[in-house]
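Please open the model in your viewer and keep the selection tool at hand. The stops below can be followed in order.

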Amino acid sequence: MIFGMFIGAWLLIAGIYIYKIYDENRYKKRLTIEKLLREIEVRNTLNQKVIEILNRPITGDDKELINPQSDVKVPFYDYNFLKNYTSMYNLYIPTYFLNTFFKKLSHHLAVFDDEQDLKNGGYIFKESRTIFENFSVEITDDIEAKKRELQKAKNVYPAMLKKQHYNI
């Protein structure tokens, strides 16, 4: 009877230990999937804003300052949105991604005095349409890579997560 009690206690402890490992791995998998979904969502919103900036029509007043094939006019509120959004969600977007984009943009900024900038209603980046388009393509490629990574993470059994060392 005592021997049966020891075996029962050992089986109970082993069962609790196995369930604890299973539950922890399931939690890790859920966190990994949530993080990937958030990264995709943040990149998608940023890409939508860049596409919106690229597709903004040129008004009659801007035709003398902007060449629609090569120049981009970014209104103040859109530029501030890009800066604030990227700083708010810097955990979900790689910093080198954004640093290179804003560094390239700074080299193409058309310099006007403050009154002219206010009259224009935004910043004008000369010959920077390709920079915006390439950035949008990079974001789209990165979104597709994250979607593939998400698909792989969803297909992994929780017990295998510990072997794969997912970083959360």
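Two strands are said to pair if DSSP finds at least two bridges between them. With that in mind, and remembering that this is a predicted model, begin by selecting S1 together with strand S2 (residues 122-125), which pair in the antiparallel sense over 4 bridges. Within this pairing, Lys73 stands opposite Ile124 in S2.

Stay on S1 and show its side chains: are its faces covered or not? Both of them are covered, since Val72 and Val74 on one side are buried, as are Lys73 and Pro75 on the other.

Keep Val74 selected and move on to the largest nonpolar core, which has 28 residues and in which Val74 is among those with the most contacts, along with Leu46, Phe101, Phe102, Leu105, Phe132 and Phe135. Colouring by element is helpful at this stop, as helix H1 (2-54), strand S1 (72-75), helix H2 (76-88), helix H3 (95-106) and helix H5 (129-154) each supply at least two residues of this core. The largest share, 8 residues, comes from H1.

Next, centre the view on Phe101, and ask which residues Phe101 is in contact with when its neighbours within four places in sequence are left aside. They are Ile131, Phe132 and Phe135.

For the last stop, turn to helix H1 and select Trp10, which has its place there. Trp10 counts as exposed because its relative accessibility is 60%, and the cut-off for exposed is over 50%. Adding Phe3, Ile7 and Leu11 to the selection completes a nonpolar surface patch of about 500 Å², made by these residues and Trp10.

How values were computed. Residues are numbered from 1 along each chain as its sequence is written. This is a predicted model: local features need pLDDT of at least 70, side-chain atom pairs count only at pLDDT 80 or more; totals for chains, interfaces and linings use all residues. Side-chain values use heavy atoms; hydrogens and water are left out. A nonpolar core is a set of buried Ala, Val, Leu, Ile, Met, Phe, Trp, Tyr and Cys residues joined through side-chain atoms within 4.5 Å. Buried means under 20% relative accessible area, exposed over 50%, partly exposed in between (1.4 Å probe, protein chains only). Contact means heavy atoms within 4.5 Å. Patches are made of residues with over 30% relative accessible area and no salt bridge: like charges are joined within 9 Å, nonpolar side chains (Val, Leu, Ile, Met, Phe, Trp, Tyr) within 5 Å. Accessible areas come from the Shrake-Rupley method with a 1.4 Å probe; for residues, only the protein chains shown count as cover. A salt bridge is a side-chain nitrogen of Lys or Arg within 4 Å of a carboxyl oxygen of Asp or Glu.
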